[in-house]
Amino acid sequence: MEWFASIPKVELHAHLNGSIRDSTLLELARDLGEKHVIVFSDVEHVILKNDRSLTEVFKLFDLIHIITTDHGTVKRITKEVIEDFASENVIYLELRTTPKRNDSKGMTKRSYMEAVMEGVRAVSTVDVVFPHNNVDAGSHIISVPVNDMCNGTTRKKIYVRLLLSIDRRESTAAAMETVKLALEMRDLGVVGIDLSGNPVVGEWITFLPALKFAREHGLDITLHCGEVPNPKEIQAMLDFIPQRIGHACYFGEDDWKRMKSYKIPVEICLTSNITTASVSSLDVHHFG
Ligand SMILES: CNc1ncnc2c1ncn2[C@@H]1O[C@H](COP(=O)(O)O)[C@@H](O)[C@H]1O
């Protein structure tokens, strides 16, 4: 394990709210328990449980979103998640997250993303290379370490970029809002769009207009595809020829052939697939 931790790595499939430290989740849940927003004893074991079915995973995300969806917390978890990946020697991190509205906290999708950006800037244990809006002479936006604490020693460096996720529960209009936000933030480290969320919820056709719009405007797209058996949707997603695919657990022979002929890379999610039982064991995992 030490060797795995020490080699430089690229992380392309990290959901912000899926990467929070247990200790942070417990602390935040305890706080909300004290404010009587939730009952801490009801949620503690849910947070600490290791193996969860896909259905349980998405129930947990609903709970996590109640716990985390305010500006200060979004900033905190972003900072911690980046520091944790850097401590495992991830050198390029593409962090994805679903911009959320939370009227009770005065949060819009944009202010959610601004809190994420603040979290990136708040990272202190490592130098973060991230484009920031220092436009000099009105021209180029350059990538610079945002925390360059030069003291004569070489500090660890992590390159961070962001993907904005569309949740499969969202409407066409909500998906379009996310794509437009991604376009506005393209010079601020946003490199693409992800379609994710509970794979048994929603229809591909709902998201297609927003995804086409994203593509027309030059954003790259990654799709959660084939996490559950759904041959029709897999076909439709392959017809779209996304830049990348996540999971691909339930691909048939023809799907693999098409995917290979289009040269679409797959973000393999070994641990996730086993713990959620999308794949029964590592021996039969399609990564092999
Ligand atoms: C286990 N496999 C999965 N399959 C599909 N979507 C998933 C996922 N794991 C996470 N998400 C998506 O990411 C959100 C949490 O991070 P953010 O709030 O966006 O930062 C979840 O609500 C879900 O939409």
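A nonpolar core is a set of buried Ala, Val, Leu, Ile, Met, Phe, Trp, Tyr and Cys residues joined through C-beta atoms within 7 Å. Buried here means that 20 or more other C-beta atoms lie within 10 Å of the residue's own; with 12 or fewer the residue is exposed, in between it is partly exposed, and the C-beta atoms are placed from the backbone. Before we put these terms to use, please keep in mind that the model is predicted: local features need pLDDT of at least 70 and side-chain atom pairs count only at pLDDT 80 or more, while totals for chains, interfaces and linings use all residues. Numbering runs from 1 along each chain as its sequence is written.

Let's start in the core. The largest nonpolar core has 59 residues, and I82, I158 and I193 touch the most other members. Take I193 as a way in: leaving aside neighbours within four places in sequence, I193 is in contact with L163, L164, I166, V179, A182, L211, A214, L219 and I221. Contact means that the C-beta atoms of two residues, placed from the backbone, lie within 7 Å.

Two of those partners, V179 and A182, bring us to helix α7, where they are buried along with A175 and T178. Seen down the axis of α7, the buried residues fall within an arc of 100 degrees, so they line one face of the helix; the arc is that of the directions from the helix axis to the C-beta atoms. Turned away from that buried side is a face carrying the exposed residues A173 and E184. Among the elements covering the buried residues of α7 are α6, β5, β6 (190-196) and α8 (204-216). Helices (H or I, at least four residues) and strands (E, at least two) are DSSP runs, numbered from the N terminus. The length of α7 (residues 172-184) is as it should be, because 13 residues at 1.5 Å a residue should span 18 Å and the end C-alpha atoms are 18 Å apart. The expected span is 1.5 Å times one less than the number of residues.

Helix α6 is next. Its 14 residues reach 20 Å from first C-alpha to last, close to the 20 Å expected at 1.5 Å a residue. Buried in α6 are Y112, M113, A115, V116, M117, G119 and V120, and their cover includes α5 (71-87), β2 (90-97), β3 (127-131), β5 and α7. V116 counts as buried because it has 24 C-beta neighbours inside 10 Å. Beyond its neighbours within four places in sequence, V116 is in contact with V74, T78, T97 and L162.

T97 also leads us to the ligand. Which residues of the surrounding shell are the closest? They are L16, N17, T97, T98 and S196, out of 16 residues that surround the ligand. The elements giving two or more residues to this shell are α4 (54-68) and β5 (157-167). A residue is near a molecule if its C-beta atom, placed from the backbone, lies within 6 Å of it. By class, the shell divides into three nonpolar, 11 polar and two charged residues; Ala, Val, Leu, Ile, Met, Phe, Trp, Tyr, Cys and Pro count as nonpolar, Asp, Glu, Lys and Arg as charged, and the others, Gly among them, as polar.

Two of the closest shell residues, T98 and S196, reappear beside D167, which is in contact with them and with G197 once neighbours within four places in sequence are set aside. D167 sits in strand β5 and is buried, with 21 other C-beta atoms within 10 Å. L16, for its part, is in contact with I77, as are I20, T24 and T68, again leaving aside neighbours within four places in sequence. I77 lies in helix α5, and its C-alpha is 6.3 Å from that of I20, although the two are 57 residues apart in sequence.

Finally, a word on backbone angles. H247 has a positive phi of about 85 degrees although it is not a glycine, and K263, also not a glycine, has a positive phi near 55 degrees. Are these two residues buried or exposed? H247, in strand β8 (residues 244-247), is buried, with 25 other C-beta atoms within 10 Å. K263, in the loop between α10 (253-261) and β9 (266-267), counts as exposed because it has 7 C-beta neighbours inside 10 Å.
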